[in-house]
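Please walk through the following model with the sequence at hand, moving from the strands to the helices and then to the surface.

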Amino acid sequence: MLEKAKTAVSYGDEPGLRFALVLDGHGGCRTMNMTEACSWKPGDGLVWLHFERDHPATADWINTNGGFDPLVAEALLAEDSRPRVEPLGDGLLIILRGVCAAPPEEAEGSSEEIDLVPLHIWVDEHRLVTLRDSGHYITALRDIRRALDNGKGPRQAGELLALVSDKLVRDLEPVLDDMDEEVDELDELIFKGEASEVRQRLKLLRRRAVQLRRYLAPQRDALNRIEHDDAPWLRERDKLRFREVIDKLMRFIEYLDAIRDRTGILHDDLSTVIGERIARNSNRLAALAALLLPPSVVAGLFGMNVGGIPGVGETWAFLIIVALVIVISAGTLWILKRIEWL
């Protein structure tokens, strides 16, 4: 009989192994260590092993104790892969992408950028093996682990895989909501913010939308292939859940396309605003030059060191020139306003 799950959740107690669980078929689980994982047999129950992909101990287990085909072992340990699904016998080799966040002890006050990171999966009727890099943290797996510890988790392999896929896609929603809010904020800042700052943020936001879509589109195709797979351990209820996950993912892809289009429109609006500001400043400089031109001409004429300049030696001559400059400047100002330069 399986031991009752402990309330405390532990991770990474052994090198390379984040956790090892044996599901009891009733929503609960018990934990295993690396020695038990190496001696596990299909008759012992459905097992879920979660490893750090880039740890030497993980590579040793995959290549020697995992019993994997060499091509499967190589794919599981590959450094980076696009989302895909490869059926092999009664099992599936799956590469998906999930939201990477800060670990729980660093989550508060963390400002690290969230990104999509690869999750390498092997699943068959008797086991689910997942691998992610040691520097990454996927909240979807944590939530499923907690549900199992509370006795409310999945009961068989198809349900566990469907739940992992669902959680991976679910965690995309707050990321997209944050991106949408940033687009709204930039829309308001365009007409009153710093142009260089807005342009930089728009550039990064649009690049991020393109990057996310680059992985989500093949992930949709991968999940669609899982739904249509004829593995005996995939029940109709599991396939129905995959269909719901695919529909949600398609909405997110359309959401990303909308964000990308909106950033393009905002970039055009920003270029228009910058162009209007340049034109307005150019008009002001031209108007200022026009106002200063007549006084400059008068001052230049009466400042020449040649004979015959009128008013030389007369005390009233300077006052007349000042009055003339004022009259000409006022006339120039009236003309500029008349032609709507000011």
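**From the enclosed strand outward**

Strand S1 (residues 17-23) and strand S3 pair in the antiparallel sense over 5 bridges, and within this pairing alanine 20 stands opposite leucine 49 in S3. The model is a predicted one, and what follows should be read with that in mind. S3 also pairs with strand S7 (residues 127-132), here in the parallel sense and over 6 bridges; in S7, leucine 131 is the bridge partner of phenylalanine 51. S3 therefore has an antiparallel pairing with S1 and a parallel pairing with S7.

How many of the residues of strand S3 (residues 47-52) are buried? The count is 6 of the 6, so the strand is largely enclosed by the rest of the structure. The burial holds for both directions in which the side chains point, since Val47, Leu49 and Phe51 point one way, Trp48, His50 and Glu52 point the other way, and all are buried.

Just beyond this strand in sequence, helix H2 (residues 56-65) contains threonine 58, which is buried because its relative accessible area is 0%, below the limit of 20%. The side chain of threonine 58 reaches back to the backbone oxygen of glutamate 52 at 2.7 Å. Leaving aside residues up to four places away in sequence, threonine 58 touches Gly16, Phe51, Glu52, Arg53, Leu77 and Leu131. Two of the residues in that list, Phe51 and Leu131, are the bridge partners already met in the pairing of S3 with S7.

Another covered element is helix H4 (residues 139-149), in which 9 of the 11 residues are buried. The buried residues are Thr139, Ala140, Leu141, Arg142, Asp143, Ile144, Arg145, Leu148 and Asp149, a list that includes charged side chains as well as nonpolar ones such as Leu141 and Ile144. Two of the buried residues of H4, Arg142 and Asp143, are linked with Arg170 and Asp171 in a network of salt bridges. After H4 comes glycine 151, whose phi is positive, near 75 degrees.

The salt bridges deserve a closer reading, for a search of the whole structure finds 22 of them. In one of these, glutamate 159 is joined to arginine 235, with the closest N and O atoms 3.8 Å apart. This pair links distant parts of the chain, glutamate 159 lying in helix H5 (residues 157-170) and arginine 235 in the loop between helix H7 (195-227) and H8, 76 residues apart. Is each partner buried or partly exposed? Glutamate 159 is buried, with a relative accessible area of 18%, whereas arginine 235 is partly exposed at 38%.

A second salt bridge joins aspartate 180 to arginine 262, and here the closest N and O atoms are 2.9 Å apart. Because aspartate 180 lies in helix H6 (residues 172-189) and arginine 262 in helix H8, the pair ties together parts that are 82 residues apart in sequence. Aspartate 180 is buried, with a relative accessible area of 17%, while arginine 262 counts as partly exposed at 28% relative accessibility.

A third salt bridge has the side chains of arginine 243 and glutamate 227 meeting at 3.0 Å, N to O. It links arginine 243 in helix H8 with glutamate 227 in helix H7, 16 residues apart. Arginine 243 is partly exposed, with a relative accessible area of 32%, and glutamate 227 is buried, with a relative accessible area of 9%.

Helix H8 (residues 236-302) also holds phenylalanine 302, and this residue leads to the surface. Phenylalanine 302 is partly exposed, with a relative accessible area of 33%, and together with Leu293, Val297, Leu301 and Met304 it makes a nonpolar surface patch of about 450 Å². The relative accessible area of 33% allows phenylalanine 302 to be counted in the patch, because patch residues must have over 30%.

Finally, the chain as a whole can be set beside these details. Its secondary structure comes to 9 helices and 7 strands, and 42% of its 342 residues count as buried. Its accessible surface comes to about 18,900 Å², of which 53% belongs to carbon and sulfur atoms. Among contacts between residues at least 6 apart in sequence, 69% join residues at least 24 apart.

Note on methods:
Residues are numbered from 1 along each chain as its sequence is written. This is a predicted model: local features need pLDDT of at least 70, side-chain atom pairs count only at pLDDT 80 or more; totals for chains, interfaces and linings use all residues. Side-chain values use heavy atoms; hydrogens and water are left out. Patches are made of residues with over 30% relative accessible area and no salt bridge: like charges are joined within 9 Å, nonpolar side chains (Val, Leu, Ile, Met, Phe, Trp, Tyr) within 5 Å. Accessible areas come from the Shrake-Rupley method with a 1.4 Å probe; for residues, only the protein chains shown count as cover. A salt bridge is a side-chain nitrogen of Lys or Arg within 4 Å of a carboxyl oxygen of Asp or Glu. Helices (H or I, at least four residues) and strands (E, at least two) are DSSP runs, numbered from the N terminus. Buried means under 20% relative accessible area, exposed over 50%, partly exposed in between (1.4 Å probe, protein chains only). Contact means heavy atoms within 4.5 Å. Two strands pair if DSSP finds at least two bridges between them. A polar contact is a pair of N or O atoms within 3.5 Å; within protein, one must be able to donate a hydrogen and the other to accept it, and residues adjacent in sequence count only if both atoms are side-chain atoms.
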